Amino acid sequence: MKILLVEDDILLSTALFELLSANRYTIDIASNGQAGLELAISAEYDLILLDWLIPKLDGISLCRQLRKQGYRKSILLLTGKNSNADIIAGLDAGADDYVIKPFDPEALLARIRSLLRRNEAISPSKLTWGNLCLNASAGRVTCNDQEIPLTATEYNLLELFLQNRDRIFSRSAILDRLWGFDDAPTESAVTTHIKDLRKKLKAGGLTEEILETVYGMGYRIKPAPNHSISAVEKNQDGKKKPGAKDMASVNRVLERFRNSFGGQVVVLEQAKTALFAGNLNQELQQQALGEAHKLAGSMGSFGYPEGSRLARKIEHLLLKYSSLSPEQISDFSQLVTALRQELTKPAVTSTAQSFSINQTYRVLVIDDDATLTEQLQAEAESWKIRMKVAPNLATARSLFSLATPDAVLLDLSFPTTEEDGLILLSEITQRSPNTPVIVFTGRDTLTDRLTVSRLGAKQFLHKPATTEQIFQAIARVLTQPKTSEAKVLIVDDDPVILAGLSALLTPWGLEVTTLSQPQQFWEVLIATSPDLVVLDLEMPIVNGLELCQVVRQDAQWGDLPILVVTAHTDAESLQQAFAAGADDFISKPVLGPELVTRVLSRIQRMRWRSQAWKSKECS
């Protein structure tokens, strides 16, 4: 994924470059808005990360110009302007999301991943498999940048498999998808087209076999080969290391650029001296204002949260420097002095988040590594955890039947049995869906991670890990806000679907209200006050898009999470859903684990956000 960063703060842009590069993004940097506009037009980016106050062309103007020229990729505003009016102005200008400085690096990465996922869902213009690329916009297929000439049928076949990587297509299903009733050939013709496609791809330079014949069932695409693992990313066994987020890169940047903060504070001290002398000119005021704004946006992100707060106050005073009272000039002086003193303190570097556990929890560890489990038991008391260990799956089932633990740490691989830990994970989540499970394993394929997620695990922790990392993961799931007693409103004109969706969500401690008559939606919404709404898009009288817009236009309910359920996942339909205000979509037929995971995740995210706002207001 390629990101354009438009930011004039050298320290911040350098830190973001290292952070994003460590997370496998390709970054181009522009230090002013005009350069950012030229790069955005001349090159192709998956996302633009855009500061608001930048030279030559401000972020809002840049955003408007890009949208006016038809730019459709995501734009994320990154700025210190944090009033409701600013947020509205940024989004109205065409930004897709808004992050306020100082920001949490992990939260920023999560926002970026979210926008990139939405890009893929709405407009996957390029589909790749190894060195093979299908460019839907240009209608071209290339291998190692060399075009492969395909017939329309061969092109459509390849696109079908690339868009549905986990699906097996029978020959009859292919006929249904690619031909109409009147012009459909025989099933043997599908076999011929598949054979011709394979030959042309091989002749065009594709060395690996892309399509797999699943005998008795049909065809599917094979997992893509990985050509991008560098020697640095491999361990001694030659296996790929997990792509962990390198938060330490931020700390390295902080050490390298620590003196930059001091240089910016010098400018503020010069402004302080000029203020006391009564000769602060506009040039120095503007320079000091710019440095205060940058410090407010960057210090909190890189180890000085109090510094950001002080710089923000300084910025506000500089905005009205010509009318400052003697008391305000004195306040300005004290703030600059306090900011200088703040830099004498050690930075709070980015480390694993600490958690406070105020009660004793019971944790069941299911792992056959005796050395590790003994060490965990030895340290458990200091974390206020009572720990029991099951060295195999049979013992785990026995212990679980005696008493339900508060959390489970589960390995997936047990060499003494053919049974897989995933089987037990499925049993636990079905029997006790509110018990958080942390999967702790040496397996690290995308298939494993997807399976674990779909089965309802709360976290995936890759071996090896320190005992502190393990206890931090346990503490994290134990202190997560509970989704029990949350309320969900489901709106669908099909009573059968309503009953099915309700049956999927109720076991997870959710209070579900169903509504089959969408014209009564507003009355039911007010009466039930749900935490989340699930809307069917295709309904008579009032459709889901209209209901979505009604919610977003209301001041009280405008932030209510909305999931739309639809059988139409084409680009135009999804664009309409997101434009109407949907937070996410679920395709029909609905998969139970996907529905549950998305609903619980949205509710938890909304509650975390609410708690963060309350904490901010209290402070």
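**Exercise 1.** State how many bridges join strand β19 (residues 532-536) to strand β20 (residues 562-566) and in which sense the two run, then place the pair in its sheet.

*Solution.* Strands β19 and β20 run parallel and are joined by 4 bridges; two strands count as paired if DSSP finds at least two bridges between them. Helices (H or I, at least four residues) and strands (E, at least two) are DSSP runs, numbered from the N terminus. The model is predicted: local features need pLDDT of at least 70, side-chain atom pairs count only at pLDDT 80 or more, and totals for chains, interfaces and linings use all residues. Residues are numbered from 1 along each chain as its sequence is written, and side-chain values use heavy atoms, with hydrogens and water left out.

Step 1. Within this pair, Val533 has Ile562 of β20 as its bridge partner.

Step 2. The open sheet has 5 strands in the order β18-β17-β19-β20-β21, with parallel pairing. Its edge strands, each pairing on one side only, are β18 (511-515) and β21 (584-587). From one strand to the next the twist averages 20°; axes are lines fitted to C-alpha atoms, for helices over the stretch in contact, and angles run from 0 to 180 degrees between N-to-C directions.

Step 3. Helix α19 (residues 495-505) packs on this sheet and touches β17 (487-491) and β18, contact meaning heavy atoms within 4.5 Å. The direction of α19 makes about 160° with that of β17. Helix α21 (residues 544-552) lies across β17, β19 and β20 and runs at about 150° to β19.

**Exercise 2.** Give the strand order of the open sheet that contains β13 and β16, and list the strands that helices α16 and α18 touch.

*Solution.* Step 1. The order is β13-β12-β14-β15-β16, 5 strands with parallel pairing. Strands β13 (385-390) and β16 (459-462) form the edges, each pairing on one side only. The twist averages 20° from one strand to the next.

Step 2. Strand β15 (residues 437-441) pairs with β16 in the parallel sense over 4 bridges. The bridge partner of Thr441 in β16 is His462.

Step 3. Helix α16 (residues 421-431) touches β12 (361-366), β14 (407-410) and β15, and its direction makes about 165° with that of β14. Helix α18 (residues 467-478) touches β12, β13, β14, β15 and β16, with its direction at about 180° to that of β16.

**Exercise 3.** Describe the lining of the second largest pocket by element and by class.

*Solution.* Step 1. The elements giving two or more residues to the lining are α11 (282-298) and α12 (305-319). The largest share, 7 residues, comes from α11.

Step 2. By class, the lining has 5 nonpolar, 7 polar and 11 charged residues.

**Exercise 4.** Find the partner of Arg111 in a salt bridge and the elements that the pair links.

*Solution.* Step 1. The partner is Asp97, with the closest N and O atoms 3.0 Å apart; a salt bridge is a side-chain nitrogen of Lys or Arg within 4 Å of a carboxyl oxygen of Asp or Glu.

Step 2. Arg111 lies in helix α5 (residues 105-122) and Asp97 in strand β5 (residues 97-100), 14 residues apart.

Step 3. The structure holds 18 salt bridges.

Terms used:
Ala, Val, Leu, Ile, Met, Phe, Trp, Tyr, Cys and Pro count as nonpolar, Asp, Glu, Lys and Arg as charged, and the others, Gly among them, as polar.
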